[in-house]
Amino acid sequence: GTRIIYDRKFLMECRNSPVAKTPPSHLPDIPGVTSPNVEELKTENNHVQNCDEKASTGEEEQFDMDI
């Protein structure tokens, strides 16, 4: 078979394309898979607030660990 090889620069430019950010049409609604869960949204919003608080102190951990 024939292989199509893309260079890194091209792929990084494609990442910012509006087409890449648009979900496919006629995608089924599966909570937690194709659409976020309500609980996941709450956790995600809380995590963003916690990260903002840490960043404001000037010290930031390299990795977040959930225990």
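Begin with the whole protein chain shown as a surface: its accessible surface comes to about 6,900 Å², and 54% of that area belongs to carbon and sulfur atoms. What is on screen is a predicted model, and buried residues make up 1% of the 67 residues in the protein chain.

Next, colour the protein chain by pLDDT, for which the mean is 75, with 63% of the residues reaching 70 or more. Switch to a cartoon view, where three helices and zero strands can be found in the protein chain, so that, read from the N terminus on, the order of elements is α-α-α. With both views combined, the confidence can be followed element by element: helix H1, residues 8–15, has the highest mean pLDDT among the elements, at 93, whereas helix H3, residues 38–57, has the lowest, at 56.

**Helix H1 and the nonpolar patch**

Select Ile-4, Tyr-6, Phe-10 and Leu-11 together, and display their side chains on the surface, since these residues make a nonpolar surface patch of about 430 Å². Of these, Phe-10 can be located in helix H1, and with a relative accessible area of 38% this residue is partly exposed, because the value falls between the 20% limit for buried and the 50% limit for exposed.

Keep Phe-10 selected and add Tyr-6, for the count of aromatic pairs in this structure comes to one. The ring centres of Tyr-6 and Phe-10 lie 5.4 Å apart and the ring planes meet at 15 degrees, so the pair counts as stacked, the limit for that class being under 30 degrees. Tyr-6, like its partner in the pair, is partly exposed, and its relative accessibility is 47%.

**The salt bridge in helix H1**

Now clear the aromatic residues and select Lys-9 and Glu-13, with the side chains drawn as sticks. Side chains of opposite charge can pair when their charged atoms come close. The structure holds one salt bridge, and Glu-13 forms it with Lys-9, the closest N and O atoms being 3.9 Å apart. Both Glu-13 and Lys-9 lie in helix H1, where they are four residues apart, which is about one turn of the helix. Turning the surface back on for these two residues, Lys-9 is exposed, with a relative accessible area of 58%, while Glu-13 is partly exposed at 48% relative accessibility.

**The loop between H2 and H3**

Leave helix H1 and move along the protein chain past helix H2, residues 18–21, into the loop that lies between H2 and H3. Which residue of this loop should be selected for its backbone angle? Select His-26, which lies in the loop between H2 and H3, and check phi, which is near 60 degrees, a positive value in a residue other than glycine. His-26 counts as exposed, because its relative accessibility of 82% is over the 50% limit.

The last stop is Asn-37, which also lies in the loop between helix H2 and H3. Is Asn-37 exposed, partly exposed or buried? At 28% relative accessibility, Asn-37 counts as partly exposed. To see what surrounds Asn-37, add Pro-31 and Gly-32 to the selection, both of which Asn-37 touches when residues up to four places away in sequence are not counted.

Key
Residues are numbered from 1 along each chain as its sequence is written. This is a predicted model: local features need pLDDT of at least 70, side-chain atom pairs count only at pLDDT 80 or more; totals for chains, interfaces and linings use all residues. Side-chain values use heavy atoms; hydrogens and water are left out. pLDDT is the predictor's confidence in each residue, from 0 to 100. Helices (H or I, at least four residues) and strands (E, at least two) are DSSP runs, numbered from the N terminus. Buried means under 20% relative accessible area, exposed over 50%, partly exposed in between (1.4 Å probe, protein chains only). Accessible areas come from the Shrake-Rupley method with a 1.4 Å probe; for residues, only the protein chains shown count as cover. Patches are made of residues with over 30% relative accessible area and no salt bridge: like charges are joined within 9 Å, nonpolar side chains (Val, Leu, Ile, Met, Phe, Trp, Tyr) within 5 Å. A salt bridge is a side-chain nitrogen of Lys or Arg within 4 Å of a carboxyl oxygen of Asp or Glu. Rings of Phe, Tyr and Trp (its six-membered ring) pair if their centres lie within 6.5 Å; planes under 30 degrees apart count as stacked, over 60 as edge-to-face and the rest as tilted. Contact means heavy atoms within 4.5 Å.
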